Amino acid sequence: MSEQVSVAILAAGFGTRMRSRKAKVLHRAGGLTLIEHVVQAAAQVASTPEGIVVVVGHQAEQVQEAVAGSGVRFTVQKEQKGTGHALACCRDLLQPLGGLVLVVYGDCPLLRPETLSALVALQASSHAAATLITTVLADPSGYGRIVRDANGNVAAIVEQKAATPEQRKICEINSGIYCFRGDLLWKHIGELRPNPASGELYLTDLVEILNGHGRRIVPMEVEDSSELLGVNTRVELAEVDRMLRDRKAREMMLAGVTIVRPETVSIDAGVRIGMDTVVEPFVQIQGNTLIGEDCHIGTGSIIRDSILEDGVKVDAFTLIGTSRLDRGAQVGPFARLRLDNHVGSGAHVGNFVELKKVRLGAGAKAMHLAYLGDAAIGEQVNVGAGTITCNYDGRAKHQTRIGKNSFVGSNSTLVAPLEIGEGSYIAAGSVITETVPGDTLALGRARQAMKPGWPSRKRK
Ligand code: UD1
Ligand code: MG
């Protein structure tokens, strides 16, 4: 039987170099906060969600909120007294679980679950006290350096400030990702002493402590250091965001999605897209958007938290928020489906049409220049150019209902609350304020007057 694996995520620090009012791990990359990425990766290797403990400190409540619902637990580190102290704060929650304890940082969103699993596997097979991920960097400055013993195990980790000129030449660095045998970790963590220079408890000092007890620390050197990249500045945040976007686009393409000029497209981590859908350049697909097969997403479009069934066509420069588009619907170019819309199958929404809280029936059309808000529009209705639902009276919003197969002439003003029955006609240019029964022509405009000869008389 494989051993219990729990995870400590250190995320109490503020991240001063971000120059932000917001705690570092709450900044977003790849469509999620940094802490969400790390929790998601941890969830793939931890035996249970409760076995994941996030150490929070700065803006503890907001950090907890960001990953609420994932089932992880939290411990508050009131003062940031170092990485060793942060891990010690997890003791009450993790020691009873036994098994192995992974330690990761909350600001390393590129870390893949596969890498964590490999570390756990090495720990389980090596019978060491701990294993840790190392990598060789061309420029190791700022990192703790790995000092190996004659057997290739880790003798010590020396922080930059304490390193001798000779040690500073070591290019193998400590990633900060460890896997400990829980029993030995909790037995010896109390032996950490404050660093004389900073007064902090350094987790890295545990290496020498465990060695002193005759225990081995085994390194897992990884070739590709990119996934160990932590975010310290906004420059690094942008870099990490780019890498997460690349990774997501690649994953989508390998799953059968065509992405044209993928380097210009940004797709959030939570998005899913079906086979043979085409995504044009400069598209953003955000949140938990779900896109079916054989869809086409035109250039410059932004889609957030929406559901697009198979065969939906979104033409260029269209904005879609929290909406649902049924099979074969077509929207854009330059349409705005602001929020909570449901566009029926085969319905069309054309250029410069804004929808808000609209149910547009199957096969219905609003092709040009309209504002439709708080409306239920039946199947096969044709909404003419320039139609406006006057849904707001200055105090409250009101509903417009248009029965199926109706025809709303161009430049109609529909004053809500309003009901138009099935199969009716609204004459172009009408202002409609009263209920229109079914199968009725409603005209709400001044009758045309003719004055023959008037222009020439005026000119004289
Ligand atoms: C640490 C390691 C260093 C390693 C580097 C890799 C130590 C002493 N040094 O240095 O060997 O090369 O990471 O990035 O561990 N944190 C808390 N509470 C604290 C202090 C830190 O939760 O009291 C969290 C931070 O939010 C951060 C993480 O721990 O996510 C790392 O802390 P940081 O101060 O950045 O450590 P480094 O100096 O980078
Ligand atoms: Mg750091």
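These legends accompany a set of close-up views of a predicted model.

**View 1. Helix α1 is largely enclosed by the rest of the structure.** Welcome to the inside of the model. Helix α1 spans residues 34-45, and nine of its 12 residues are buried. Along the helix, the buried residues are Leu-34, Ile-35, Glu-36, His-37, Val-38, Val-39, Ala-41, Ala-42 and Val-45. Take a moment to find Glu-36 and His-37, which are both among these buried residues.

**View 2. A salt bridge joins Asp-268 to Arg-245.** The closest N and O atoms of this pair are 2.7 Å apart. The two partners belong to distant parts of the chain, 23 residues apart: Arg-245 sits in helix α9 (residues 234-254), while Asp-268 is in the loop between β13 (266-267) and β14 (272-273). Both Asp-268 and Arg-245 are buried. For context, the structure holds 19 salt bridges.

**View 3. Within helix α9, Glu-251 pairs with Lys-248.** Here the side chains meet in a salt bridge at 3.7 Å, N to O. Glu-251 and Lys-248 are three residues apart in the helix, so about one helical turn separates them. Their surroundings are worth a second look: Lys-248 is buried, with a relative accessible area of 7%, whereas Glu-251 is partly exposed at 45%.

**View 4. Two more groups of charged residues are linked by salt bridges.** Lys-313 and Asp-315 form a salt bridge in which the closest N and O atoms lie 3.0 Å apart. Lys-313 is partly exposed, at 32% relative accessibility, and Asp-315 is partly exposed too, with a relative accessible area of 24%. Elsewhere, Arg-112, Glu-114 and Glu-227 are linked in a network of salt bridges.

**View 5. Four nonpolar residues form a patch on the surface.** The members are Phe-317, Phe-334, Phe-352 and Leu-369, and together they have about 420 Å² of accessible area. Phe-317 lies in the loop between β21 (313-314) and β22 (319-321) and is partly exposed, with a relative accessible area of 42%. Phe-334 comes from the loop between β24 and β25 and is partly exposed at 40%. Phe-317 also has a backbone feature to enjoy: a positive phi of about 55°, although it is not a glycine.

**View 6. Asn-405 has a positive phi.** Its phi is about 65°, and this residue is not a glycine. Most residues other than glycine have a negative phi. Look for Asn-405 in the loop between β31 (400-402) and β32 (407-408), where it counts as partly exposed at 46% relative accessibility.

**View 7. Two cis peptide bonds precede prolines.** One joins Gly-332 and Pro-333, with omega about 0°; Pro-333 lies in the loop between β24 (330-331) and β25 (336-339). The other runs from Ala-416 to Pro-417, with omega near 0°, and Pro-417 is found in the loop between β33 (413-415) and β34 (418-420). Most peptide bonds are trans.

**View 8. The side chain of Asn-195 reaches a backbone nitrogen.** That nitrogen belongs to Ala-197, at a distance of 2.9 Å. Asn-195 is in the loop between α7 (182-188) and α8 (206-212), and it is buried, with a relative accessible area of 14%.

**View 9. Positive charges gather in a patch on the surface.** To close the tour, here are Arg-21, Lys-22, Arg-28 and Arg-234, the residues of this patch. Among them, Arg-28 has its place in strand β2 (residues 28-29).

Notes:
Residues are numbered from 1 along each chain as its sequence is written. Chains are lettered from A and ligands numbered from 1 in the order in which they are written. This is a predicted model: local features need pLDDT of at least 70, side-chain atom pairs count only at pLDDT 80 or more; totals for chains, interfaces and linings use all residues. Side-chain values use heavy atoms; hydrogens and water are left out. Patches are made of residues with over 30% relative accessible area and no salt bridge: like charges are joined within 9 Å, nonpolar side chains (Val, Leu, Ile, Met, Phe, Trp, Tyr) within 5 Å. Accessible areas come from the Shrake-Rupley method with a 1.4 Å probe; for residues, only the protein chains shown count as cover. Lys and Arg count as positive and Asp and Glu as negative; His and the chain ends are not counted. The place of a charge is taken as NZ of Lys, CZ of Arg, CG of Asp or CD of Glu. Helices (H or I, at least four residues) and strands (E, at least two) are DSSP runs, numbered from the N terminus. Buried means under 20% relative accessible area, exposed over 50%, partly exposed in between (1.4 Å probe, protein chains only). A polar contact is a pair of N or O atoms within 3.5 Å; within protein, one must be able to donate a hydrogen and the other to accept it, and residues adjacent in sequence count only if both atoms are side-chain atoms.
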